[in-house]
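Please look at the sequence and the structure below. The text after them goes through a metal site and then a pair of charged side chains.

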Amino acid sequence: MADTEKKCDICGKAFENSDKLNKHNLESHKNEPAKVRRVASQSSRYKATGIAAAIAIALVVGVYFSENQSSPRNPIQGVECEPVEALVFHIHAHLDVMVDGKSVTVPAGIGIKPNVCFYWLHTHDTSGVIHIESPREIIFTLAQFIEVWDNTPGISPSFEEATNGDTNLKVFVNGTEVKDGFDKIQLAAHDEIVIISGNIPPSIPSYYEFGGL
Ligand SMILES: [Zn+2]
Ligand SMILES: [Zn+2]
């Protein structure tokens, strides 16, 4: 059986058998003692360790960045949070919350993480105007807005606190009672939405003066 091809450890040259390789070593590398070879093989081991370390670092960095992006911007029921307000789709609805005939203020800053991001549904002030701002046209629901309300850090009162934990809330949209679940009530431009807990007030707002919005 023929000797299999041999490669020189030092220069990588190939030889048809070990005799020729040995001869080559004696002639070409006689002044380079064995330690050179050891260094050569060590350096390739270092190289392998280096690559493994680089991969490990890349993985750690990758996980760090993806977590860093996903945790503060964590979507709420599909509603994402943008570092800069996305205004491609920009409409407004208005929400009144009434408990036993009295207005409850809708907090400012729902859906806004200061210096972090703006959820596609948010309030800039206590007027009750819901800003619907997203990078494309999406149909949002009242349920999504309530979820954003309850999941924005630092917002007080929560929706449940504002409505005393009432589970028999009534909803009027543009003056008409809507008996669908919150997840079926869509937020359309210039809708006036009234959520009522307890006594139905004698007059229910049916529109809101949006001004330029
Ligand atoms: Zn906005
Ligand atoms: Zn707006």
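The paragraphs below describe a predicted model.

Begin at the zinc ion (ligand 2). Its protein donors are His90 (NE2), His92 (NE2), His131 (ND1) and Glu133 (OE), and they lie 2.0 to 2.5 Å from the ion. Along the chain these donors follow the spacing H-x1-H-x38-H-x1-E. His90 belongs to strand β4 (residues 89–99) and His131 to strand β9 (residues 129–134), so this pair ties together parts of the chain that are 41 residues apart in sequence.

The geometry of the site comes next. For four donors to count as tetrahedral, all angles must lie between 85 and 135 degrees. The four donor atoms around the zinc ion (ligand 2) subtend angles of 79 to 169°, and therefore the arrangement is irregular.

A second metal, the zinc ion (ligand 1), is 4.2 Å from the zinc ion (ligand 2), and Glu133 coordinates both.

Are the two histidines His90 and His131 buried or exposed? His131 is buried, because its relative accessible area is 8% and buried means under 20%. His90 has 36% relative accessibility and counts as partly exposed.

Now turn to the charged side chains. Side chains of opposite charge can pair when their charged atoms come close. The structure holds one salt bridge. Lys184 forms a salt bridge with Asp183, and their closest N and O atoms are 3.6 Å apart. Lys184 is exposed, because its relative accessible area is 56% and exposed means over 50%. Asp183, at 46% relative accessibility, counts as partly exposed.

Note on methods:
Residues numbered from 1 in each chain as written. Chains lettered and ligands numbered in written order. Predicted model: local features only at pLDDT ≥ 70, side-chain atom pairs only at ≥ 80, totals over all residues. Heavy atoms only, no water. Donors = N, O, S within 2.8 Å, 3.2 Å for Na, K, Ca; no water. Tetrahedral: all angles 85-135°; square planar, octahedral: opposite > 155°, others 65-115°. Helix = DSSP H or I, 4+ residues; strand = E, 2+ residues; numbered from the N terminus. Buried < 20%, exposed > 50% of the residue type's maximum accessible area, 1.4 Å probe, protein only. Salt bridge = Lys/Arg side-chain N within 4 Å of Asp/Glu carboxyl O.
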